[in-house]
Amino acid sequence: VDGRGKFLIPGIWDMHVHLLYALPARTFPFFAARGITGVRDMGGGLDKLSEARQLIDGGIIAPRFVSAGPMLVGAPIRADFTPGSGMLVTSPEEGRQAVNRLLAQRVDFIKMQTMVPRDIAIAMADESKRWHVPYVGHLPLDMDIVEASDLGFHSVEHLYSLTASCVADPAALLPPAPNTPAPTAPIAINR
């Protein structure tokens, strides 16, 4: 390849997509045509995961593809989510079983949503570690980022809870009461 007058960059990964919400047959070539050489799908139905793998096996132009399959959720999934994109877990044992069901479907990693209670998140992280499978997702509302790191989270998505871990008093992050002036003092950092 004559590269004079041109430039070359390494392949680009899009590390947080929900490609399985859409039609993989349309979106795979779209990513590849724009230089995306790998995608990490963060939650979608098993039927769409199967469809995506069949398309790849059939030779569709596509980036490298890894997927969590359905997200593990601790509360009924919102109506605006694609059907099948979440699996409800309501106990630590159910969480372990869900991890094993997903691994039997050949998912590449396990992803959980924010509303999963801490004890269930810990059980799912332990089960994922037992099988040497990455465990990713949103932080549970009752867990801080340090504990998530200690549990072995491979990535924390949408760092909603990170801010509270960084300040001395998380209440300082709350908006002021109505008709009250906004505070002007700097927020103390958690050391």
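Biologist: Where is Ile187 found?

Modeller: Ile187 sits in the segment after helix H6 (162-165). Keep in mind that this is a predicted model.

Biologist: Why is Ile187 called partly exposed?

Modeller: Its relative accessibility is 42%. Buried means under 20% and exposed over 50%, with partly exposed in between. Ile187 therefore counts as partly exposed.

Biologist: Which residues does Ile187 touch, leaving out those up to four places away in sequence?

Modeller: Val167, Ala172 and Leu173. The C-alpha atoms of Ile187 and Val167 are 7.0 Å apart, with their positions 20 residues apart along the chain.

Biologist: Why does Phe7 count as exposed?

Modeller: Phe7 has 73% relative accessibility. Exposed starts over 50%, so the label holds. Phe7 lies in the segment before strand E1 (12-17).

Biologist: Which residues make the nonpolar surface patch?

Modeller: Phe7, Ile9 and Ile12 make a patch of about 340 Å².

Biologist: How many aromatic pairs does a search of the whole structure find?

Modeller: Three. One of them joins Phe28 and Phe65.

Biologist: What makes the pair of Phe28 and Phe65 edge-to-face?

Modeller: The ring centres are 5.3 Å apart and the planes meet at 85°. A pair needs centres within 6.5 Å, and edge-to-face needs planes over 60 degrees apart. Both conditions are met, so the pair is edge-to-face. Phe28 is in helix H1 (residues 24-33) and Phe65 in strand E3 (residues 64-67), 37 residues apart. Phe28 and Phe65 are buried.

Biologist: Why is the pair of Tyr135 and Phe153 called edge-to-face?

Modeller: The centres are 5.0 Å apart and the planes stand at 75°, so the pair is edge-to-face. Tyr135 belongs to strand E7 (residues 135-137), and Phe153 to the loop between helix H5 (145-151) and strand E8 (155-156). The pair therefore ties together parts 18 residues apart in sequence. Both Tyr135 and Phe153 are buried.

Biologist: How do you know that Glu157 and Arg40 meet in a salt bridge?

Modeller: The N to O distance is 2.7 Å. The cut-off is 4 Å, so the pair qualifies. Glu157 is in the loop between E8 and H6, and Arg40 is in strand E2 (residues 36-41), so the bridge ties together parts 117 residues apart in sequence.

Biologist: Why is Glu157 called buried?

Modeller: Glu157 has a relative accessible area of 8%. Buried means under 20%, so the label fits. Arg40, at 10%, is therefore buried as well.

Biologist: What does Arg40 lie over?

Modeller: The face of Phe109, at 5.7 Å from the ring centre.

Biologist: What makes Lys48 and Glu51 a salt bridge?

Modeller: Their N to O distance is 3.7 Å. That is within 4 Å, so the bridge counts. Lys48 and Glu51 are three residues apart in helix H2 (residues 46-57), so about one helical turn separates them. Lys48 is buried, with a relative accessible area of 17%. Glu51, at 27%, counts as partly exposed.

Biologist: How do you know that Glu147 forms a salt bridge with Arg118?

Modeller: The closest N and O atoms are 2.4 Å apart. The cut-off is 4 Å, so the contact qualifies. Glu147 is in helix H5 and Arg118 in helix H4 (residues 118-130), 29 residues apart. Arg118 is partly exposed, at 34% relative accessible area.

Biologist: How many salt bridges does the count come to?

Modeller: Eight. A network of salt bridges links Arg96, Asp126, Glu127 and Arg130.

Methods:
Residues numbered from 1 in each chain as written. Predicted model: local features only at pLDDT ≥ 70, side-chain atom pairs only at ≥ 80, totals over all residues. Heavy atoms only, no water. Patch = residues over 30% accessible without salt bridge, like charges linked within 9 Å, V, L, I, M, F, W, Y side chains within 5 Å. Areas by Shrake-Rupley, 256 points an atom, 1.4 Å probe, with all protein chains shown as cover. Salt bridge = Lys/Arg side-chain N within 4 Å of Asp/Glu carboxyl O. Helix = DSSP H or I, 4+ residues; strand = E, 2+ residues; numbered from the N terminus. Buried < 20%, exposed > 50% of the residue type's maximum accessible area, 1.4 Å probe, protein only. Contact = heavy atoms within 4.5 Å. Phe/Tyr/Trp six-rings, centres within 6.5 Å; stacked < 30°, edge-to-face > 60°. Lys NZ or Arg CZ within 6 Å of the ring centre and 35° of its normal.
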